[in-house]
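User: Please take me through the assignments made for this structure, setting each value against its criterion.

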Amino acid sequence: MFQDVKLFKKTLYENVALADRGADREKVMEAFRRAGCSSILDKFKDRENTMIGSKGIYLSGGEKQRIGIARAILKDARIVIMDEASAAVDPENEHELQKAFAELMKDKTVIMIAHRLTSVRNVDEILVIEGGKVIERGNDKELMERDSRYRFFQNLYAQANDWRVKEHA
């Protein structure tokens with residue numbers, strides 16, 4: 001999974017089904033469901049048969065990611081590498097994307113490269129890399145309990161999210 005999912009000028013269904021050419025319709029539709037794509041499909045009259053691209057519809061970054069996750073779920077690889085897979089996600093899709101990631105990661109070995117701190121909170125082990133070297137490792141709870149770079153960045157992230165522009169009277 002990359003931050004910029006490539007979708008082809010085919011139907012939504014065909015874009016997911018290409019991950020497993022032997023998959024039947026039920027299995028492809030289950031991948032859509034597990035990736036949280038029902039709300040995407042519901043937007044279109046032709047649902048999964050909707051065309052993407054120049055003669056079809058366009059999707060937001062978060063919607064593309066969920067279609068990509070459906071593809072990865074259908075592929076069912078034992079090892080999944082995610083490179084900034086949540087970077088292009090709009091706020092409206094972040095919660096749905098996190099649920100889709102959880103489905104994708106079930107019973108898998110996952111290597112996730114992420115700057116978006118919400119992406120790594122529930123993983124088994126976090127490696128904090130600085131200057132090309134691992135400077136910390138542990139899970140979210142362990143790293144938050146000590147004076148760590150990870151805790152510093154989580155706190156900074158929380159402050160940024162709490163920041164609001166105040167109106168002046």
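**Criteria and assignments**

User: What makes E30 and R33 a salt bridge?

Analyst: The closest N and O atoms of E30 and R33 are 2.6 Å apart, and a salt bridge is defined as a side-chain nitrogen of Lys or Arg within 4 Å of a carboxyl oxygen of Asp or Glu, so the pair E30 and R33 qualifies. Both residues lie in helix 2 (residues 25–34), three residues apart, about one turn of the helix; helices (H or I, at least four residues) and strands (E, at least two) are DSSP runs, numbered from the N terminus.

The model is predicted, local features need pLDDT of at least 70, side-chain atom pairs count only at pLDDT 80 or more, and totals for chains, interfaces and linings use all residues. Residues are numbered from 1 along each chain as its sequence is written, and side-chain values use heavy atoms, with hydrogens and water left out.

User: Why is E103 called buried or exposed, and how is R34 classed?

Analyst: Buried means under 20% relative accessible area, exposed over 50%, and partly exposed in between, with a 1.4 Å probe and protein chains only. E103 has 19% relative accessibility and therefore counts as buried, whereas R34, with a relative accessible area of 25%, is partly exposed. E103 forms a salt bridge with R34, the closest N and O atoms being 2.6 Å apart. E103 lies in helix 5 (residues 91–105) and R34 in helix 2, so the pair ties together parts that are 69 residues apart in sequence.

User: How do you know that D46 and K45 form a salt bridge, and how is each classed by accessibility?

Analyst: The N to O distance between the side chains of D46 and K45 is 3.4 Å, so the pair meets the salt-bridge criterion. K45 counts as exposed because its relative accessibility is 75%, while D46, at 41%, is partly exposed. Elsewhere, R25, D42, R47 and E48 are joined into one network by salt bridges that share partners, and a search of the whole structure finds 15 salt bridges.

User: What makes I79, I81, I111 and I113 a nonpolar patch?

Analyst: Patches are made of residues with over 30% relative accessible area and no salt bridge, like charges being joined within 9 Å and nonpolar side chains (Val, Leu, Ile, Met, Phe, Trp, Tyr) within 5 Å. I79, I81, I111 and I113 form such a patch on the surface, with about 370 Å² of accessible area together, areas coming from the Shrake-Rupley method with a 1.4 Å probe and, for residues, only the protein chains shown counting as cover. Strand 1 (79–83) and strand 2 (109–113) are the elements that give two or more residues to the patch. I111, in strand 2, has a relative accessible area of 45% and is partly exposed, so I111 passes the patch threshold for area.

User: Why is the term nonpolar core used, and which residues have the most contacts inside the largest one?

Analyst: A nonpolar core is a set of buried Ala, Val, Leu, Ile, Met, Phe, Trp, Tyr and Cys residues joined through side-chain atoms within 4.5 Å. The largest has 35 residues, and those with the most contacts inside it are L12, V16, V28, F32, L59, I67 and I69. Helix 4 (61–75) gives the most to this core, with five residues. Leaving aside neighbours within four places in sequence, V28 is in contact (heavy atoms within 4.5 Å) with Y13, V16, A17, A23 and L74.
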